[in-house]
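Let's take a friendly walk through the empty spaces of this protein and see what fills them. Have the model open as you read.

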Amino acid sequence: MSDIRFSKPWSAPGELDNLTRALASGHLHGDGPFTAAASQRLRDLTGTGKALLTSSCTHALELAGLLLDLQPGDEVVVPSFTFSSTAAAVAIRGATPVFVDVDPLTLNVDPAQVAAAVTDRTRAVYVVHYGGVAVDVPAVRAAAGDDVVVVEDNAHGLGASVDGRLLGSLAPLAAQSFHDTKNVQCGEGGALLVNDERFAERAEIIREKGTNRVKFLRGQVDKYTWVDVGSSYLPSELQAALLLAQLDAFDSIQALRHRVWDGYAEALPGWAADNGVRLMHVPDGVKHPAHLFYLQMPSHEDQGGLISALKADGVTATFHYQPLHSSPAGRALGRTGAAGCPVTDRAAETLVRLPLHPGMTEADVQRVVDLVTSYRTVAAVPARAVLT
Ligand SMILES: *Cc1c(COP(=O)(O)O)cnc(C)c1O
């Protein structure tokens, strides 16, 4: 039996064809026809006004920090339970990430914690839709106040929605990732989504080395020149060619991923109840994108225990984010309230993500389910028969 990997990049049918066409076109630098077509697809999938492809989600978050003119002394509220980029993109501007805890049900930033963390230096809140399950953005906005800009780190949530509203369009700015561990990938890549007109023109300029080249390409100015700060955040046409093929296959990718996610969700509740395990929670009105499937084990010992039991049978499952507030850089560059982030600490020590990628067969899903359900947690938990 071959091993089951945790994650595996999936090849879209049109990829090689698109790459060949891009190579033959003689236009390999950014902002050519593949970038234009991929940006249009992305606008459709996120309901956003403007989609600017970038070299990564990290770079899209940095671009957001430049657009917000983050300065030393400014504060940005971020969850402690996220990938380092969410906070690093704040710290690279010299601003201070202020870490808050997450809600135990969704592991998304808790609006009450945001309200408690806001000061007169708070400029923004960077929220993360964990597993593509929507953050309550209106509640975060209300908690933060009108002068504070909410930015969505939507690395997990492409195509997901809440009450019919697409993630990536819920706040003035949002960042996507096309890293090869994400649902849609081009090796390394990302995008900044701009939902507020006041950021639109400057975002194009900062992304193009501080020049007004995009206006020149549109024929709005007859020369282009240096007009603002900026960097080189755009991907080449080769990346965009891969990305377009993936976006064109989005429905197939999602169907394959949902089949795996649904297989776990149908098979595991009885075992979870018997063993004191909590399965990933999806609130009413939320459509998740099958980006990940996680379990919260009753103890740290059971986190290691389940991961080892699966590994012994060639199946890779894994923990997730380690708390940023207590990380070396988080302590040196950020700030945390006196209460710390106990929910984040607990999630780091107990969470297990199961393998989930489009290449998994039904037999693979069954094999993972069989292995998981034959694991017994260490903590004694009453059998379901006793409970019912
Ligand atoms: C993957 C990820 C990132 C970073 O994405 P890159 O494209 O690799 O820069 C940022 N935030 C979250 C929540 C992620 O999952």
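A pocket, in the sense used here, is an open set of grid points with protein on both sides within 12 Å along at least five of seven lines. Keep in mind that this is a predicted model.

## The largest pocket

The largest pocket has a volume of about 590 Å³. Its lining is made up of 38 residues, and the ones closest to the centre are Ser177, His179, Thr181, Lys182 and His291.

Which helices help to build this lining, with at least two residues each? They are helix 3 (57–67), helix 4 (84–91) and helix 10 (250–267). Sorted by class, the lining of the largest pocket counts 18 polar, 13 nonpolar and seven charged residues.

## The ligand in its place

Where does the ligand sit? You will find the ligand in the largest pocket. There are 15 residues around the ligand, and those that come nearest are Thr58, Asp153, His156, Ser177 and Lys182. In this shell, eight residues are polar, five are nonpolar and two are charged. Ser177 and Lys182 are worth picking out on your screen: they are among the residues nearest to the ligand, and they are also among those closest to the centre of the largest pocket.

Now for the polar atoms. A polar side-chain atom of Ser177 is 2.7 Å away from an oxygen atom of the ligand. For His156, an N or O atom of the side chain lies 2.9 Å from a ligand oxygen atom. Lys182 also has a polar side-chain atom facing this way, at 3.3 Å from an oxygen atom of the ligand. On its own the ligand would expose 390 Å², and the protein buries 92% of that area.

## The largest cavity

Rolling a probe the size of a water molecule over the atoms shows where empty space is left. In this structure, two cavities reach 30 Å³ or more.

The largest cavity holds about 50 Å³ of space. Its lining is formed by Ala155, His156, Gly157, Leu158, Gln176, Ser177, Phe178, Lys182, Asn183 and Val184. You may recognise His156, Ser177 and Lys182 in that list, since they are also among the residues that come nearest to the ligand. By class, this lining has five polar, four nonpolar and one charged residues.

## The second largest cavity

How much volume does the second largest cavity have? The value is about 40 Å³. Around this cavity you will find Leu53, Thr54, Phe178, Cys186, Gly189, Gly190, Pro235, Gln239, Ala240 and Leu243. Phe178 lines this cavity and the largest cavity too.

Strand 1 (50–54) and helix 9 (237–248) each give at least two residues to the lining of the second largest cavity, and helix 9 has the largest share with three. Six of the lining residues are nonpolar, four are polar and none is charged.

How values were computed:
Residues are numbered from 1 along each chain as its sequence is written. This is a predicted model: local features need pLDDT of at least 70, side-chain atom pairs count only at pLDDT 80 or more; totals for chains, interfaces and linings use all residues. Side-chain values use heavy atoms; hydrogens and water are left out. On a 1 Å grid over the protein atoms alone, a cavity is a set of points where a 1.4 Å probe fits but cannot get out, and a pocket is an open set with protein on both sides within 12 Å along at least five of seven lines; lining residues have an atom within 4 Å of a point. Grid points are joined across faces, edges and corners, and a volume is the space filled by probe spheres set on the points. Helices (H or I, at least four residues) and strands (E, at least two) are DSSP runs, numbered from the N terminus. Ala, Val, Leu, Ile, Met, Phe, Trp, Tyr, Cys and Pro count as nonpolar, Asp, Glu, Lys and Arg as charged, and the others, Gly among them, as polar. A residue is near a molecule or strand if one of its heavy atoms lies within 4 Å of it. A polar contact is a pair of N or O atoms within 3.5 Å; within protein, one must be able to donate a hydrogen and the other to accept it, and residues adjacent in sequence count only if both atoms are side-chain atoms. Accessible areas come from the Shrake-Rupley method with a 1.4 Å probe; for residues, only the protein chains shown count as cover. A molecule sits in a cavity or pocket if more than half of its atoms lie within 2 Å of its grid points.
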